Structure formats: structure tokens, C-alpha cells
Amino acid sequence: MTNILLLMFSAIFIENFIFSKFYGCCPFLGVSEKPDTALGMGMAVTFVMTVSSAATYGVYQILAMFGLEYLKTIAFILVIAGLVQFIEMFLRRFIPALYSSLGIFLPLITTNCAVLGAALVNIQNGHTFLESIAFGFSAAIGFTMAIVIFAGVRVRLRGANPPKCFKGMPLALITAGLIAMAFLGFSGMSIG
Amino acid sequence: MENNSEKYSVRSFLGQLKSGIIEQNPTLVQVLGMCPTLATTTSLTNAIGMGLATTVVLAFSNLFISLLRKFIPKQVRIAAFIVIISGFVTAVEMLMKAYFTDLYQSLGVFISLIVVNCIILARAEAFASNNKPLPSIVDGLSMGLGFTCALCLLGTVREILGAGTVAGISIFGESFQPAQMFIMPAGAFITLGCLIALVQKLRTVSAEKQKAKELAAEEAADASEGGNDQ
């Protein structure tokens, strides 16, 4: 149990998906204009990543049974695309309230490299089934935290008056760099 | 939707190349495909490896999507594109594992993650799915080279500042104390931010020059018209 807790803590802070691994930078920079939408995106990613970590674990076991490990990239991306479609339909049918808040983000998640990245890291590090789910969930929580913090900072940035050429993306990137530097502080901790 | 009904000429080839590398540079102008850009530019060697791997996948997936564009139903096109792309990514991954083992190990998961690079899906959707094979493969090559150039630029700057080397060769001698922050994640964000700011500056300067030129031309035309009236 402590093992899993340590894994989760490390995935959220020390090896934060955005600030130390760069998985999922496209939505991080694209959908972080407002804290509300950032939170929505983060929750949708958390949902999909937790489920897909479990699903890809199973798929990999099946592939490994037939010695087809080299097909993992194709298999995973298809599983993720199918899963996102399925979750979208499921939410629309049974939980309309959740669908109306997360719905617009779901199609974007297929090409979010955080989801595929988590699946591949799970395989690379040889996580067990439980560890895979815990890792997927906590990495997504780390992603959500990063994108919400960043959206909050970007709201403040809108009132700033930088040199013209730094307006927009460059300023946002430099801010992200400063936040990443703050997250470096966590890497001083040694765990396990 | 066929844009290139006439014969494909050298001039349009050069135009596409220029647009991919400079005017519509996928990384520095369109700001697409950020994950590999930030993650794999810790050194020039890694940057070239990642850029070329992406270029190969981009060119071949563009070619095949263009060849199959009349057979892929509109509703499932994204899924079809992803399958084609991931096929080529798997091929590139296996080739790199066999022939460039060091590079393969230092790039790690990011080779597989070429599948979800937005540049590739964006070119498939915006260009290859409604153009002929030859322009499509050139588009893939030029966008890929633009991506590679941007990566190399970023990789060089970060390697010089963060390690004092270029492609592993020391350039400042022993006494140089590199700022290690630049090969860490924070340095990636900051360097890319500064590079994009530089590109925006250059673009506004050249746009202003263009405008001034047009204004001057208009004035000259007005003046000559005025002359004709008299």
C-alpha cells in the first residue's frame, strides 16, 4: 500500500507530467485561457486516463500472450480512441450533467499525448494492474493541477503589458518555465 | 477539392518548401507539436533524430493518406488516419531500435508518441486528404524539415547554454561553467518562449516593410495617374 502511495505522490509532484515529462503540452498551452475550462479539461483527462490505464494494461497482456508486443502503439491508440468515443456516448446517455460540462473536451483527448504516454510508461516501468491504475489517475491529477495553476496565472497575465513581440504564447511559455522551476524543488526529495 | 490540376512544377515545389520551413513553420509559427519540441531538444543530436523521424513519418503518412483519400469514408477518417500514422511510427521505431540504438534509448517513449503529434494529423486533415500524392509528399517533407529546423535551433541553443557543447563537442573548454537549468524542463519552456518572441518580432518587422513598400507603390501609381489626367 505504501508502495502505491509513494508512486502516486511521485507521479503528481516529482515527475509531474507537464513540468518534468512534457506529456500533454498541447492542451496545456491550448486550453488554459480560463480556470473553469482548464478544470473541465483536467477532469475529463483524469477520467479517460484512469480508465485507459486499466484497459491498455489488459490489451498489453493479450498482445504479450501472442508475442505481438511491437504492435502496442497501434493497439493502444485504437483502444484510447475507441474508449473516448465510448465514454462520450455513455456520458451523454446516462450522466447528461457531466456530459454537458466535459463533452466538448472529450474528442480532444484522443490526441493528448498524456494518455498514450501514461499507457506506455506503465508498460516501460512494468507496473502491475493496480499500480497502472494508480499511476494513470495520479499523473492525471498532476496534469489537472498544473493546467489549473497555469490558467490562473494566465488570467493575471492578460493585464500585463509586455513588449509587443512577447504577447500571447511567448509570455505564457516563459511563465510555464518559471512554474517548472518551482516544481524542480520537489525533485530534491528522495522517495523509497 | 483538387488544388493541383495543372502539372506539378519546380516552382510550386520550391514554394511549398519555403512555406513549410519559413512562412508556415509548424513549430515556431503555428505552435503545433509542443511535446516533442520541448522534451527532445536537450541536445542537437536528439533534436536531429526526433526531427528526421517525424519527417519520415509525416512524408509517408501524407503519401498514403493522399493515395487512399477517395476510399476513406468521411465519418471515420480520423481513425483511419491514426491507424496509417501509427503503422509508420511502429516501422520507424523498429528501424531506430535496430540501427540507432543510442538515439532510440535517449528519445525513449517520445518515438511512439509521434503518433499523437498534432502536426501529422493536422497535415493529414488539412492537406493530404484533398490533394494529389506528389504535392502531399512534398508538403510532408517541407513541414517535417521545418519542424526539424526549429528543433535543431532550440536544441543548439539549449545545448550551448546548458552543457557548453554542440552535438557533444565541447566549444568553450574546461573552465566554462554551463547553466544546467537550460537542459532541464524549465529551460525548455523559457528558450522556446524567447525563440517564438524573436520570430514574432521578425515577422512584424518584415510585414511593416512589406506595407511600406506597398504604400510607396500606391503613391507612385497615384502620382502617375494624376500626371495622365493633366
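A residue counts as partly exposed when its relative accessible area falls between the buried level, under 20%, and the exposed level, over 50%. B:L67 has a relative accessible area of 46%, so it is partly exposed. Keep in mind that you're looking at a predicted model. Here's a quick tour, mostly of chain B, with a stop at one helix of chain A.

**Chain B at a glance**
- Chain B has 8 helices and 2 strands.
- If you walk along the sequence, the order is α-α-α-α-α-α-α-β-β-α.
- The C-alpha atoms of chain B fit a box of roughly 75 × 55 × 30 Å, taken along the principal axes.
- Chain B has 230 residues, and 44% of them count as buried.
- Take the contacts in chain B between residues at least 6 apart in sequence: 74% of these join residues at least 24 apart.
- About 11,800 Å² of chain B is exposed, with carbon and sulfur atoms supplying 64% of that area.

**A nonpolar patch on the surface**
- Six names to look for are B:V56, B:F60, B:F64, B:L67, B:L68 and B:F71, which make up a nonpolar surface patch.
- Together, these patch residues have about 570 Å² of accessible area.
- B:L67, the residue from the opening, is part of this patch and sits in helix α3 of chain B, which covers residues 44-67.

**Salt bridges**
- Side chains of opposite charge can pair when their charged atoms come close.
- Over all chains, the count is 4 salt bridges, and three of them, all in chain B, are described here.
- B:K18 pairs with B:E23, with 3.5 Å between the closest N and O atoms.
- B:K18 is partly exposed at a relative accessible area of 47%, and B:E23 is partly exposed too, at 41%.
- B:E125 and B:R77 form another salt bridge, where the closest N and O atoms are 2.8 Å apart.
- B:E125 belongs to helix α6 (residues 118-126) of chain B and B:R77 to helix α4 (residues 77-99), so this pair ties together parts that are 48 residues apart in sequence.
- B:E125 is partly exposed, with 30% relative accessibility, and B:R77 is partly exposed at 25%.
- B:R123 and B:D139 also meet through their side chains, at 3.0 Å from N to O.
- This pair links distant parts of the chain, with B:R123 in helix α6 and B:D139 in helix α7 (residues 133-163), 16 residues apart.
- B:R123 and B:D139 are both buried.

**Cysteines without a disulfide**
- A disulfide is a covalent bond between the sulfur atoms of two cysteines.
- The disulfide count over all chains is 0.
- B:C149 is in no disulfide, and its nearest cysteine sulfur, that of B:C152, is 6.5 Å away.
- A disulfide needs sulfur atoms within 2.5 Å, so a gap of 6.5 Å between B:C149 and B:C152 doesn't qualify.
- B:C152 is likewise in no disulfide, with B:C149 supplying the nearest cysteine sulfur.
- B:C149 is partly exposed, with a relative accessible area of 40%, whereas B:C152 is buried at 18%.

**Over to chain A: helix α1**
- Helix α1 of chain A runs over residues 2-14, which is 13 residues.
- At 1.5 Å a residue this helix should span 18 Å, and its end C-alpha atoms are 17 Å apart, so the two values agree.
- The buried residues of this helix are A:I4, A:L7, A:S10, A:A11, A:I12 and A:I14.
- Part of what covers those buried residues is α8 (129-157) of chain A.

Technical notes: Residues numbered from 1 in each chain as written. Chains lettered and ligands numbered in written order. Predicted model: local features only at pLDDT ≥ 70, side-chain atom pairs only at ≥ 80, totals over all residues. Heavy atoms only, no water. Patch = residues over 30% accessible without salt bridge, like charges linked within 9 Å, V, L, I, M, F, W, Y side chains within 5 Å. Areas by Shrake-Rupley, 256 points an atom, 1.4 Å probe, with all protein chains shown as cover. Helix = DSSP H or I, 4+ residues; strand = E, 2+ residues; numbered from the N terminus. Buried < 20%, exposed > 50% of the residue type's maximum accessible area, 1.4 Å probe, protein only. Expected span 1.5 Å × (residues − 1). Contact = heavy atoms within 4.5 Å.
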